[in-house]
Amino acid sequence: MMRFSAKLLLLACAGTAIAIATSCADLYVTNTKRSAVEQILLNSALQRSVFQLDLKEFEGKTAYIAYSLLKPQTDEELVKALTEIHLAAHGIVVAKDPKDADVVIQPSCGVLATDQKKILIGSPQLPVPIPEFGVSLVIPEIPLFMRYLRSGHVSMNYNILDAKTKKPIRAVVGLDSTCEYINWAILMVPY
């Protein structure tokens, strides 16, 4: 009888601990390929990088944009959109055919990615198995001090050619940009 009560008490304690631990859990859920923070980081860094491109000498001209060098990039469509917005802001008309253009612009993207770094002073998330019952209890992360840095990095390059002769007019290399999003927690209070 005493043995049954000890198991029941252990089960009740484990259930209470699971309820408390899961109510404090921080789940990472996203319904898109990238989270909102990742999208903001990449969009902001890419805007800063693309908008560094000086196009004053091509204002009023027609340009064909050869996007073939962007194929490896996951976010190719974002690069295309921001490049065309930047050209339109400088009065450059985008041609559908290179024969109708004054210049050919070949954008390439060496880096378009996000990183994350976390510094934690406190207790990390700890799984505690309870073998007799076949369950695992997860003690949530307890940050006394935490700095969670997420960053977006972009490095754009542009090759600008004469559309008729295919001779290079200008090569623009290393239009780099980085954006950061930082979360803090001090004594378990997030900032």
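In what order do the six strands of the open sheet line up?

**View 1. The open sheet and its edges.** In this predicted model, the strands run β2-β1-β3-β6-β7-β8, with mixed pairing. At the edges sit β2 (93-94) and β8 (189-190), each with a single partner strand, so one side of each has no neighbour in the sheet. Helix α3 (residues 76-89) packs on the sheet and touches β1 (62-65), β2, β3 (103-123) and β6. The direction of helix α3 makes about 170 degrees with that of β1.

**View 2. Strands β6 and β7 side by side.** Strand β6 (residues 142-162) runs antiparallel to β7, and 16 bridges join the two. M146 stands opposite A185 in β7. Also in β7 (residues 168-186) is W184, which is partly exposed at 31% relative accessible area. W184 helps make a nonpolar surface patch of about 700 Å², along with I121, L144, I186, L187, V189 and Y191.

**View 3. R170 meets E57.** The structure holds five salt bridges, and here the side chains of R170 and E57 form one at 3.8 Å, N to O. R170 lies in strand β7 and E57 in the loop between α2 (36-50) and β1, so the pair ties together parts 113 residues apart in sequence. R170 is partly exposed at 23%, and so is E57 at 48%.

**View 4. A charged network in helix α3.** E76 and K80 form a salt bridge, with the closest N and O atoms 3.3 Å apart. The two are four residues apart in helix α3, which means about one helical turn separates them. Both E76 and K80 are buried.

Technical notes:
Residues are numbered from 1 along each chain as its sequence is written. This is a predicted model: local features need pLDDT of at least 70, side-chain atom pairs count only at pLDDT 80 or more; totals for chains, interfaces and linings use all residues. Side-chain values use heavy atoms; hydrogens and water are left out. Patches are made of residues with over 30% relative accessible area and no salt bridge: like charges are joined within 9 Å, nonpolar side chains (Val, Leu, Ile, Met, Phe, Trp, Tyr) within 5 Å. Accessible areas come from the Shrake-Rupley method with a 1.4 Å probe; for residues, only the protein chains shown count as cover. A salt bridge is a side-chain nitrogen of Lys or Arg within 4 Å of a carboxyl oxygen of Asp or Glu. Buried means under 20% relative accessible area, exposed over 50%, partly exposed in between (1.4 Å probe, protein chains only). Two strands pair if DSSP finds at least two bridges between them. Contact means heavy atoms within 4.5 Å. Axes are lines fitted to C-alpha atoms, for helices over the stretch in contact, and angles run from 0 to 180 degrees between N-to-C directions.
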